[in-house]
Amino acid sequence: MEVEDLFFRYDTDQRGRTWTLEGLSFVVQKGEVLGIVGPNGSGKSSLLKLLAGLLRPSRGDLRLVGRSIGRLDPREIARAVAVVPQEYAQVFPFTVAETVLMGRFPHRRAAWWSMGIGDETEQDIFCAQRAMAETDVVLLADRLVSDLSGGERQRVVIARALAQEPSILLLDEPTAFLDINHQIEICALIGRLKTERQLTVVLVSHDLNMASQVCDRVLMLKEGRLCQIGSPAETIKPDVLRMVYGCDVVVDLHPQTGQPRVTMPSVSPDR
């Protein structure tokens with residue numbers, strides 16, 4: 001993916017800024033894990049939606065394998081890019097297997113509204129089973145998604161995205177609302193997908209430590225502008241974090257990985 005001089009704003013933007021995103025230029029490199037971080041309201045989720053083709057740039061260009069994303073139809077985009085949203089609301093009582101099979105819709109010849117459960121091809125079933133195995137939800141196949149825990153549901157939604165057979169996976173706060181055990185599982189899964197599937201992964205996160213451990217590069221936004229992009233060692237530094245977040249933190253090295261680790265400083269009661 002190539003982002004070139006990208007500007008974006010919502011028509012109903014009342015936050016006092018002209019642009020939600022302003023003048024962004026960067027390249028998402030093939031096979032990397034790129035983390036997008038920044039304060040609340042900095043434009044992280046809006047940028048992810050632009051990368052997914054759910055929003056269109058106001059100015060500038062966003063290219064997917066050399067082609068402007070604005071010239072691709074939604075099905076073409078969905079064959080290359082899969083999105084895992086921050087929250088997944090299960091309205092209808094679909095099972096895990098049925099939910100994962102929905103990821104095959106971009107590859108079906110018939111229109112999605114003319115298909116029903118049971119119309120799957122052998123390739124659809126193979127891709128869904130592979131995705132469920134990779135995310136360790138095979139034993140949940142007959143369970144209703146609405147009955148699952150938060151961590152189980154997150155793995156199912158990632159499995160649905162993998163069933164699309166994308167080359168790029170977009171994750172919005174993949175570890176939000178999860179306990180530490182499930183956070184570790186999701187981080188390990190991201191690493192496996194990069195290694196085994198050679199997937200390009202772009203994730204939005206508030207968790208700087210998670211981004212430092214799983215991302216090859218980190219892109220930092222502040223008020224819709226790109227402040228810094230580089231390896232965790234280049235971006236997760238006290239002076240950079242002070243500039244982006246406006247606060248002082250303690251940064252040292254993780255004892256196992258050697259990557260930067262962020263710790264809150266001691267806070268006095270009168271702060």
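1. The loop between β4 (59-64) and β5 (67-68) contains V65. In this predicted model, V65 adopts a positive phi of about 50° although it is not a glycine. With a relative accessibility of 73%, V65 counts as exposed, because the cut-off for that class is over 50%.

2. A second non-glycine residue deserves the reader's attention for its backbone. F177 has a positive phi of about 70°, although it is not a glycine. The residue is found in the loop between β7 (168-172) and α6. Its relative accessibility is 67%, so F177 counts as exposed.

3. The next point concerns the sheet. Six strands form an open sheet, and their order is β6-β7-β8-β3-β9-β10, with mixed pairing. The edges are occupied by β6 (81-84) and β10 (225-230); each has a single partner strand, so one side of each is left without a neighbour in the sheet. Direction ignored, neighbouring strands of this sheet are turned by 15° against each other on average.

4. Within the sheet, one pairing may be examined in detail. Strand β3 (residues 33-37) and strand β8 (residues 200-204) pair in the parallel sense, over four bridges. In this pairing, V33 stands opposite V201 in β8.

5. Which strands does helix α5 touch where it packs on the sheet? Helix α5 (residues 150-163) touches β6 and β7, and its direction makes about 170° with that of β6. Helix α9 (residues 238-245) also packs on the sheet, where it touches β3, β9 (217-222) and β10. The direction of α9 makes about 35° with that of β9.

6. The second largest pocket has a volume of about 220 Å³. The elements that give two or more residues to its lining are α6 (180-197) and α7 (208-214). The largest share, four residues, comes from α6.

7. Which residues line the second largest pocket? The lining consists of I180, Q183, I184, C187, D207, N209, M210, Q213, H254 and R261. By character, the residues of this lining divide into four nonpolar, four polar and two charged.

8. Helix α6 links two of the points above: the loop that holds F177 lies between β7 and α6, and α6 gives four residues to the lining of the second largest pocket. Strand β7 likewise recurs, as a member of the six-stranded sheet and as one of the strands touched by helix α5.

Technical notes: Residues are numbered from 1 along each chain as its sequence is written. This is a predicted model: local features need pLDDT of at least 70, side-chain atom pairs count only at pLDDT 80 or more; totals for chains, interfaces and linings use all residues. Side-chain values use heavy atoms; hydrogens and water are left out. On a 1 Å grid over the protein atoms alone, a cavity is a set of points where a 1.4 Å probe fits but cannot get out, and a pocket is an open set with protein on both sides within 12 Å along at least five of seven lines; lining residues have an atom within 4 Å of a point. Grid points are joined across faces, edges and corners, and a volume is the space filled by probe spheres set on the points. Ala, Val, Leu, Ile, Met, Phe, Trp, Tyr, Cys and Pro count as nonpolar, Asp, Glu, Lys and Arg as charged, and the others, Gly among them, as polar. Buried means under 20% relative accessible area, exposed over 50%, partly exposed in between (1.4 Å probe, protein chains only). Two strands pair if DSSP finds at least two bridges between them. Axes are lines fitted to C-alpha atoms, for helices over the stretch in contact, and angles run from 0 to 180 degrees between N-to-C directions. Contact means heavy atoms within 4.5 Å.
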